[in-house]
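Please read this note with the model open beside you, and check each point against the picture as you go. The points are meant for a first reading, and each one takes up a separate topic.

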Amino acid sequence: MSALRNSAFESLYQDKFPFFNPIQTQLFNAVYNSDDNVFVGAPIGSRKTICAEFAVLWMLLQSSEGRCVYVTPMEALVEQVYMDWYEKFQDRFNKNVVLLTGETSTDLKLLAKGNIIISTPEKWDILSWQWKQWKNVQSINFFVLNEVHLIGGENGTVLEVICSRMCCISSQIERPICIVALSSSLSNTKAQTCLTAIDILTKCAADIQWQRFLHCTEKDLIPYLEKLSDTTLKETLLNGVGYLHEGLSPMERCLVEQLFSSGAIQVVVATRSLCWGMNVAAYLVIIMDTQYYNGNIHAYVDYPIYNMLQMVGHANRPLQDDEGHCVIMCQGSKKDFFKKFI
């Protein structure tokens, strides 16, 4: 707590916890001792909002007239943060904490008097799109955007627009607006494809069959590997296993597809989202799961059936095989459902 270097700030937390947790500690200098933009990706329950509070406290240290906007897509969280920050910053430090209503004329008045403005993305979008006319929008010092992982959800475009707009405003007025983005950490599908490929090769090594999936010489692969920037992909390809994800360049994806289609490598691990964009066919397709995490509703949902059928359809080499095979790894309760479509 002493790192705050302010007894009044320390009193905000002393009765709640004796010290900051590891995530808050790691981020402390970035959000409390600098004006740099910060992205925080951490699990739910890690108290990321405290990191946003560090930024607010830093702003108050720099200027008693500093102004901050806090935005979150969750209406319930908006109310919760408003009540919490009203007690922390208005009752204790006499800073005006206001909650936008969605009614433009009322919100303009709230914006004019507020030091800390709390809003949903849609309400801030309404106020900020005419930022050239409204000077109070231009006077924002800190912009906190929570639940950034929902940017791929139904209202994700609004999150993206308001964040880009704040960057644009900062550039136009030639004054920095510090952006703190908070997100829950989700499974990284790009990393998962790589890890799955490595797991397959680890099993091969345990069976003392290092290159069982490589059907060409290493010398034949060298011209292809020299074109790759992903060192892990180079290593897995040398052992006959490739992977495809959105982080690879079009040239790298094309190269992996060519090696697989030619038979030089025997295994390719791909992300779910590439099932429509892959130009490959195989004797065997293994679908490792039938659900994905939907950040918009904070739950796991089933793959659309048309995506499942597209994945199954890659087990199709009519000029090479008499039949194709597909293995679907799913919950037992879903087995009969998928049988109806296959």
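The numbered points below take up the sheet, the helices that pack on it, the contacts between helices, and the salt bridges.

1. Before anything else, please keep in mind that this is a predicted model, and that the points that follow describe that model.

2. I would begin with the sheet, which is open and is formed by six strands in the order E1-E6-E5-E2-E4-E3, with parallel pairing. At its edges lie strand E1 (38-42) and strand E3 (97-99), each of which pairs on one side only. On average, and with direction ignored, neighbouring strands of the sheet are turned by 15° against each other.

3. Within this sheet, strand E2 (residues 68-71) and strand E5 (residues 142-145) deserve a careful look, since they run parallel and are joined by four bridges. Which residue of E5 stands opposite tyrosine 70? The partner is valine 144.

4. Two helices can then be placed against the sheet. Helix H3 packs on it and touches E1, E2, strand E4 (116-119), E5 and strand E6 (178-184), while the direction of H3 makes about 170° with that of E6. Helix H4 (residues 75-91) also packs on the sheet, touching E2, E3 and E4, and the direction of H4 makes about 165° with that of E3.

5. H3 and H4 also pack with each other, at an angle of about 30° and with their axes 13 Å apart. Since angles under 35 degrees count as roughly parallel, the two helices are therefore described as roughly parallel to each other. The crossing in which H3 passes H4 is right-handed. On the H3 side the contact involves Thr49, Ile50, Ala52, Glu53, Val56, Leu57 and Leu60, and these meet Asp84, Trp85, Lys88 and Phe89 in H4. Sorted by class, the contact of H3 with H4 has seven nonpolar, one polar and three charged residues.

6. Helix H3 (residues 48-62) has a further partner in helix H2 (residues 22-32), and here the axes are 9 Å apart while the packing angle is about 30°. H2 and H3 are therefore roughly parallel to each other, and their crossing is right-handed. The residues that make the contact are Gln24, Leu27, Phe28, Val31 and Tyr32 of H2, together with Ile50, Cys51, Phe54, Ala55, Leu57, Trp58 and Leu61 of H3. Of the residues in the contact of H2 with H3, eleven are nonpolar and one is polar, with no charged residues.

7. How do helix H5 (residues 104-113) and helix H6 (residues 121-128) cross, and within what distance do their axes come? The angle is roughly 85° and the axes come within 11 Å, and H5 and H6 are therefore roughly perpendicular to each other. Thr104, Asp107, Leu108 and Leu111 of H5 make the contact with Trp124, Ile126 and Leu127 of H6. By class, the contact of H5 with H6 is made up of five nonpolar residues, one polar and one charged.

8. Finally, the structure holds nine salt bridges, and one of them is worth following by eye. It links lysine 16 with aspartate 84, whose closest N and O atoms are 3.9 Å apart. Lysine 16 lies in the loop between helix H1 (7-10) and H2, whereas aspartate 84 lies in helix H4, so the pair ties together parts that are 68 residues apart in sequence. A reader tracing Asp84 will also find this residue among those of H4 that meet H3.

Conventions:
Residues numbered from 1 in each chain as written. Predicted model: local features only at pLDDT ≥ 70, side-chain atom pairs only at ≥ 80, totals over all residues. Heavy atoms only, no water. Axes fitted to C-alpha atoms, helices over the stretch in contact; angles between N-to-C directions. Parallel < 35°, antiparallel > 145°, perpendicular 65-115°, else oblique. Left-handed = near helix turned anticlockwise from the far one by under 90°. Contact = heavy atoms within 4.5 Å. Nonpolar A, V, L, I, M, F, W, Y, C, P; charged D, E, K, R; others polar. Pairing = 2+ DSSP bridges. Salt bridge = Lys/Arg side-chain N within 4 Å of Asp/Glu carboxyl O.
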